[in-house]
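Please look over the model shown here, with attention to how its side chains pack and pair. The report below takes up helix packing, nonpolar cores, salt bridges and aromatic rings in turn.

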Amino acid sequence: MMKFESHSAAETEAVGEKFARMLRPGNVVAFLGGLGAGKTAFTRGMARTLAPDADVSSPTFALVNDYGGKIPFWHFDMYRIKTMDDLYSTGFFDYLEMGGILAVEWSENIAGALPEGTIFVRIIPTGENDREIRIGSDVFSGESEKEGKA
């Protein structure tokens, strides 16, 4: 597991930008963290590497934003996803087959549908602007998670 400290949204974006350089087509990045933790800021940093012309915003109402890029880069918000039918309606499984990179906010809601090899990014507020960012497959260690329903 990799750990980073951030003291601002700009620092969180910088971590996302560096992290994105390690990604390959087909990678799924699943975010864990509450409202305002910094998931969209991290994704904005990823986009600086993957899709520099993208205007990154939270896909809360659209459910998915397509940022383009040399390797297609999609940003999902699963906050309102409660059932497998909801998940299918997002096109999530179709996007998985297209070979791009998926960034998935509120991934806890679809934990059972995430593919093997998913990379988890947990963002933990440790102060007003401070964050601990954990990246890897073992970010759940020692912490309980909401059971995914989808």
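What follows describes a predicted model, beginning with one helix and moving outward to its surroundings.

**Helix α2 and its surroundings**

Helix α2 covers residues 39-50, twelve in number, and its span of 16 Å from the first C-alpha to the last is close to the 16 Å expected at 1.5 Å a residue. Nine of these twelve residues are buried, so the helix is largely enclosed by the rest of the structure. The buried positions are K39, T40, A41, F42, T43, G45, M46, A47 and L50, and the elements that cover them include α1 (9-20), β2 (28-32), β4, β5 (101-105), β6 (119-125) and β7 (131-136).

**Nonpolar cores**

The largest nonpolar core has 22 residues, and those with the most contacts inside it are F19, L23, F31, F42, M46, F73 and V121. At least two residues of this core are supplied by each of α1, β2, α2, β5, β6 and β7, while the largest share, four residues, comes from α2. A second, separate core has 18 residues, among them M78, I81, L102 and W106. The surroundings of F31 can be described in more detail: once neighbours within four places in sequence are left aside, F31 is in contact with K39, F42, T43 and M46, with the run A103, V104, E105, W106, S107 and E108, and with V121 and I123. One of these contacts, K39, also lies over the face of W106, at 4.4 Å from the ring centre.

**Salt bridges**

The whole structure contains five salt bridges, three of which are set out here with their N to O distances.

| Acidic residue | Basic residue | N to O distance |
|---|---|---|
| E13 | R44 | 2.8 Å |
| E17 | R48 | 3.0 Å |
| E132 | R134 | 2.4 Å |

E13 lies in helix α1 and R44 in helix α2, so their salt bridge ties together parts that are 31 residues apart in sequence. The pair of E17 in α1 and R48 in α2 likewise connects parts 31 residues apart in sequence. Within the former pair, E13 counts as buried at 12% relative accessibility, whereas R44 is partly exposed at 31%. In the latter pair, both partners are partly exposed, with E17 at 22% relative accessibility and R48 at 36%. A network of salt bridges links E13, E17, R21, R44 and R48. As for E132 and R134, the acidic residue E132 is partly exposed at 21% relative accessibility, while R134 is buried at 15%.

**Aromatic rings**

There are nine aromatic pairs in the structure. In the pair formed by F76 and Y95, the ring centres are 5.2 Å apart and the planes stand at 85°, so the arrangement is edge-to-face. F76 belongs to strand β4 (residues 73-77) and Y95 to helix α4 (residues 92-96), so this pair ties together parts that are 19 residues apart in sequence. F76 is buried, with a relative accessible area of 0%, and Y95 also counts as buried, at 18% relative accessibility. The rings of Y88 and F93, by comparison, have centres 4.7 Å apart and planes at 40°, so that pair is tilted. Here Y88 is exposed at 54% relative accessible area, whereas F93 is partly exposed at 22%. Ring pairs join W74, F76, Y88, F92, F93 and Y95 into a cluster. Finally, Y79 has the charged end of K82 over its ring, 5.8 Å from the centre.

Conventions. Residues numbered from 1 in each chain as written. Predicted model: local features only at pLDDT ≥ 70, side-chain atom pairs only at ≥ 80, totals over all residues. Heavy atoms only, no water. Phe/Tyr/Trp six-rings, centres within 6.5 Å; stacked < 30°, edge-to-face > 60°. Buried < 20%, exposed > 50% of the residue type's maximum accessible area, 1.4 Å probe, protein only. Lys NZ or Arg CZ within 6 Å of the ring centre and 35° of its normal. Expected span 1.5 Å × (residues − 1). Contact = heavy atoms within 4.5 Å. Core = buried A, V, L, I, M, F, W, Y, C linked by side-chain atoms within 4.5 Å. Salt bridge = Lys/Arg side-chain N within 4 Å of Asp/Glu carboxyl O.
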